[in-house]
Structure formats: structure tokens, C-alpha cells
Amino acid sequence: MTGTTRIGVLFGGPSAEHEVSCASALGVARALAERGHHVVALGLTRTGGLRMVPEPVLTRHLTTVAAGRAIDDRLPVTGPAVELRRGAGTGTVAVTAADAPATRHAELDVVFPVLHGPYGEDGVVQGLLESLGVPYVGCGILASAVGMDKVAMKRALRAEGVPTTPHVWFDEPTWRAAENPEKLVVGLRRPLFVKPARMGSSIGISRVTGDDDLAAAVEEAFRHDQVVLVEQGVTGRELECGVLGGWRPEASTVGEVRVAGGWFDYRQKYFGDTDPMIVPAPLPDEVTARIRELSVRAFAAIGGWGLARVDFLYDESTGELFVNELNTLPGFTAHSMYPKVWAASGVAYPEVVDRLVALALDRHAARPSGGHPGGAR
Ligand SMILES: Nc1ncnc2c1ncn2[C@@H]1O[C@H](COP(=O)(O)OP(=O)(O)O)[C@@H](O)[C@H]1O
Ligand SMILES: [Mg+2]
């Protein structure tokens, strides 16, 4: 892309991945600034308030890389309380003072949500941006919502012939009413993975090996959602692939996450001492090719636009490959898998970010006149 676009980077938010989002957002903001765009950093507090990061604070963070772990190098959610309103131009959005709507701090051409998990990645923010009529980066309402709901996601994948792990799901009243709840999971081999339908960061997920711990695992998952999935466990490797594009998306090189203790839990994701990522993953060429092909199909199955990271489970002993999940706003720090697999494919971080902005503008420009209320893509 050429020329200066005014881009609002939306980050923080109420999810458990607040800090990761602040770190991802700094990476994105640096890349946008490097490409000559005008960046406005908009931080969401954990309770949903919006703050516009003052320019000197933003500049300091853009130009100084904090020492320490990747997570320490992040944008702060600080500054005056602001709101987003329809802008002066068509397709722009205004950042106004929260207590004085006539006071305009900035006007934006594009919003780049760098929010992870519920609220930011599940279609809620996408719906807000649709209603404001502003172009935004990444998946639309439908793909975001389907990507966040593991039951809906598996249905969409299966409908398109993309392999997913054997599983069952039930709602809380059904589980409570069952005379023998164990019967709900007959046919699934152990270990089992019990998950809330809509979460992230491995929160609420348990690995169940024995007979006694299923009920406790289901109760734990119900703390986060009224719909719970029980999946057959796959003993094998975890592989991840980046998808980037619109109607003709491309798949990146494949990366691998080497996890300890049988699965990638919350502690390892964010507090592990060692970098578990290997890029590219050591795999036979045909397995890599199949993962890339399935990634593009999985992206199309949810109606994706812009980006997603597609995560796989691979059982080497049987050769079986399953799509575990899609993440429509994957981690985006300089050390995250999504930018890494693209860099290894010859697309550097700033180029990825630039392409995403161009895709946001393409989708907006192609909307039927009057806008597409569903914002599916
Ligand atoms: N069916 C499964 N077989 C083996 N491991 C699994 C399975 N489902 C989940 N896991 C493990 O649990 C982790 C988190 O599950 P995932 O479905 O990716 O949830 P989240 O959306 O919280 O990341 C995975 O990265 C993997 O380590
Ligand atoms: Mg996951």
C-alpha cells in the first residue's frame, strides 16, 4: 500500500488475553508506523472503557523496545476516555471525547482490532465496527463468531469435509437432567478433552484420563459456558499454519508447538520459560502440503477474511490430521507464531500488516451499496 492511512489500533479488552493483546498491538502499531501510516492507539480497559493513548506515550513505545520477555514490550491502556462515532467522511470513524462528543481527537480510515478472545475475536467488536460503517481488519461478524464457538466451528468444518476430532457436545440442562451423564460421552476414547464452547487461552479446558474426573472437568467447563464439548484426545504433534487473504487466501509455511505434559495449557502458553515454537516444522513435504491445503479450506468453511491461524493435531502413528481450531485474531507479537510462519514464507511482518489493511479496504469497497448489515466477510 502507498500513502498515509489513518489507522486505529484497538487493543486490550476484557478477556484473559488482555496483556497479550497489548503486546500484539505494539507490534502491529510499529509495523504500521514503519509503513508510513498514521497510528492512533485505542486501548480498551478490562471493564470496556475506551482510552486514546496520548501521542508522546505512543511515540515512546513505538521507538523503544522494552527489554525482557515479549509480553513486557506492550502498549499501555492509558489516556483520556474516548468514544467512537460515525466520522465526517464516508467510511471514516471519529474518536471523540467521552464526556464531550463535539470534541474530536482523531478521524480514522480503518480500524485494526488486535483483540484476542471473547468480545474482540467473537464478532462483538466486528458488529460495532460494521454499525459505524468503518473498514476494519480481519474476519467479519460471522467468521469471527463461528471461529470462537467450537461447536459451530466443527459443524462448519465438517460440512466442508475438513477433518475434526470425534466429539460430542451438550448444554448444561441436558447434562444435569441425564440419569447417567457418562452415557453422553460413550464412543469416545480416552484421554478426553473437555472444553467450554466459547473461550480461549486453554481456560476452562481439562484433559481427562480416568473415569472419575469427567464430572469435575465438565463442571469446570460450565463455569465458562453453558455449552460444553467433549473431544477424543489425539496423541501427537501440534502444528499451526497462517492464512492470509480474501477470496483467494494463501497458506504459510507450517510451524510446530512443542508442548510438555500432554497439552498446551494456560501456564505454558503465557508463562513458559522456553520458546516452544519450531518454524518450519520438520515434516514430510506431503504432510506440509496437506496442512496448507486444509488451512485454506478451513478458512473458507468459516467464511474467513483477512487472517486466521489454523491449528492442527497430527497423529504420526496413524497419519491422521485434524483441524483443532481456527483463531481469527491470533497472537501478533514479533515472537508469535502467525508473523513467524509468514516471515518464514518470505512475507515480513510489516508486509503482512500492510496486506491486512489493504484487504480491509477491499472488503469495504466491495460492499453492496448501503452496506452489508451482516458483514459476513
Ligand atoms: N482433541 C485433542 N487432543 C489432544 N490435545 C488437545 C485436544 N484438544 C485440545 N488439546 C490441547 O489443548 C490445547 C487447547 O485447546 P484448544 O481447543 O486449542 O483451546 P483454546 O481455544 O483455548 O486454545 C491445545 O493446544 C492442545 O494442546
Ligand atoms: Mg488453541
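**Exercise 1. Place aspartate 311 in the fold, and decide whether it is buried or exposed.**

Step 1. Aspartate 311 sits in strand 15, which covers residues 306-315. Keep in mind as you work that this is a predicted model.

Step 2. Its relative accessibility is 8%. Buried means under 20%, so aspartate 311 counts as buried.

Step 3. Now look at what surrounds it. Not counting residues up to four places away in sequence, aspartate 311 touches Leu239, Glu240, Phe322, Val323, Asn324, Glu325 and Asn327.

**Exercise 2. Find which residues UniProt lists for "binding site", and describe glutamate 325.**

Step 1. The UniProt record, an unreviewed entry, lists Asp311 and Glu325 under "binding site". Such annotations may be inferred rather than shown by experiment.

Step 2. Glutamate 325 belongs to strand 16, residues 320-327.

Step 3. With a relative accessible area of 13%, glutamate 325 is buried.

Step 4. Setting aside neighbours within four places in sequence, glutamate 325 is in contact with Lys150, Met153, Arg309, Val310 and Asp311. The two listed residues therefore touch in this model, as the contacts of aspartate 311 include Glu325.

**Exercise 3. Work out how helix 4 is oriented relative to helix 5, and which residues meet.**

Step 1. Helix 4 spans residues 141-148 and helix 5 spans residues 150-159. Their axes come within 5 Å and cross at roughly 105°.

Step 2. Angles from 65 to 115 degrees count as roughly perpendicular, so helix 4 is roughly perpendicular to helix 5.

Step 3. From helix 4, the residues involved are Val146, Gly147 and Met148; they meet Lys150, Ala152, Met153 and Ala156 of helix 5.

Step 4. Sorted by character, the residues of this contact are 5 nonpolar, 1 polar and 1 charged.

Step 5. Link back to Exercise 2: Lys150 and Met153 also appear among the contacts of glutamate 325.

**Exercise 4. Examine the salt bridge between arginine 198 and aspartate 225: which parts of the chain does the pair link?**

Step 1. Side chains of opposite charge can pair when their charged atoms come close. Here the side chains of arginine 198 and aspartate 225 meet at 2.8 Å, N to O.

Step 2. The pair links distant parts of the chain, 27 residues apart. Arginine 198 is in the loop between strand 9 (192-196) and strand 10 (206-208), while aspartate 225 is in the loop between helix 7 (214-222) and strand 11 (227-232).

Step 3. Compare the exposure of the partners. Arginine 198 is partly exposed, with a relative accessible area of 44%, whereas aspartate 225, at 6%, counts as buried.

**Exercise 5. Extend the survey: how many salt bridges does the structure hold, and which residues form a network?**

Step 1. The count is 25 salt bridges.

Step 2. One of them joins glutamate 220 and arginine 223 at 2.9 Å, N to O. Glutamate 220 is partly exposed at 27% relative accessible area, and arginine 223, at 63%, counts as exposed.

Step 3. Elsewhere, salt bridges with shared partners connect Arg35, Glu250, Glu351, Asp354 and Arg355 into one network.

Step 4. Another pair is arginine 190 with glutamate 182, at 3.6 Å, N to O. Both ends count as partly exposed, arginine 190 at 30% and glutamate 182 at 32% relative accessibility.

Definitions and conventions: Residues are numbered from 1 along each chain as its sequence is written. Chains are lettered from A and ligands numbered from 1 in the order in which they are written. This is a predicted model: local features need pLDDT of at least 70, side-chain atom pairs count only at pLDDT 80 or more; totals for chains, interfaces and linings use all residues. Side-chain values use heavy atoms; hydrogens and water are left out. Axes are lines fitted to C-alpha atoms, for helices over the stretch in contact, and angles run from 0 to 180 degrees between N-to-C directions. Helices (H or I, at least four residues) and strands (E, at least two) are DSSP runs, numbered from the N terminus. Angles under 35 degrees count as roughly parallel, over 145 as roughly antiparallel, 65 to 115 as roughly perpendicular and the rest as oblique. Contact means heavy atoms within 4.5 Å. Ala, Val, Leu, Ile, Met, Phe, Trp, Tyr, Cys and Pro count as nonpolar, Asp, Glu, Lys and Arg as charged, and the others, Gly among them, as polar. A salt bridge is a side-chain nitrogen of Lys or Arg within 4 Å of a carboxyl oxygen of Asp or Glu. Buried means under 20% relative accessible area, exposed over 50%, partly exposed in between (1.4 Å probe, protein chains only).
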